[in-house]
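Let's walk through this model together, beginning with the whole chain and ending with a couple of individual residues. Please have the structure open as you read.

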Amino acid sequence: MKELWMRFLREEDGVGVVELILILVVLISLVLIFKEQLTDLVKSIFEKIVKQSNKV
């Protein structure tokens with residue numbers, strides 16, 4: 001049991017999880033900061049798609 005605990009303490013697989021969480025926090029922050037611009041961009045893209053699909 002002691003050997004299992006020591007191996008667990010030496011493992012560094014959790015570093016990837018921390019990095020992933022930090023990346024998600026940064027992405028969510030960017031979305032919150034640029035929410036209005038992103039909404040306008042998505043709306044304009046969908047408007048173009050609708051206009052061009054009506055031509056077909």
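Accessible areas here come from the Shrake-Rupley method with a 1.4 Å probe. By that method, the accessible surface of the chain is about 5,800 Å², and carbon and sulfur atoms account for 69% of that surface. Keep in mind as you look that this is a predicted model. The mean pLDDT over the chain is 86, with 91% of the residues scoring at least 70.

Now for the fold itself. The chain has three helices and zero strands, so read from the N terminus, by the DSSP runs used here, the order of elements is α-α-α. Confidence varies along the way: helix H1, covering residues 2-10, has the lowest mean, at 78, while helix H3, covering residues 35-55, has the highest, at 92.

How do these elements fill space? Taken along the principal axes, the C-alpha atoms occupy a box of roughly 70 × 30 × 10 Å. The radius of gyration tells a related story: the chain has 23 Å, whereas a compact globule of 56 residues would have a value near 10 Å.

Burial is the next thing to check. What share of the 56 residues of the chain counts as buried? The figure is 0%. A residue counts as buried when its relative accessible area is under 20%.

Two residues let you look at this locally. Glu-3 is placed in helix H1, and Glu-3 counts as exposed because its relative accessibility is 59%, the cut-off for exposed being over 50%. Gln-37 belongs to helix H3. Is Gln-37 exposed or partly exposed? Gln-37 counts as partly exposed, because its relative accessibility is 49%.

The same two residues also help to gauge distances across the model. From Glu-3 to Ile-49 there are 46 residues in sequence, and their C-alpha atoms lie 61 Å apart in space. Gln-37 and Phe-8 are separated by 29 residues in sequence, with 45 Å between their C-alpha atoms.

Finally, a word on charge. The chain carries 8 positive and 8 negative charges, and the mean positions of these two groups are 9 Å apart.

Key. Residues numbered from 1 in each chain as written. Predicted model: local features only at pLDDT ≥ 70, side-chain atom pairs only at ≥ 80, totals over all residues. Heavy atoms only, no water. pLDDT = per-residue confidence, 0-100. Helix = DSSP H or I, 4+ residues; strand = E, 2+ residues; numbered from the N terminus. Rg over C-alpha atoms; globule rule 2.2 N^0.38 Å. Buried < 20%, exposed > 50% of the residue type's maximum accessible area, 1.4 Å probe, protein only. Lys, Arg positive; Asp, Glu negative; His and termini not counted. Charge placed at Lys NZ, Arg CZ, Asp CG, Glu CD.
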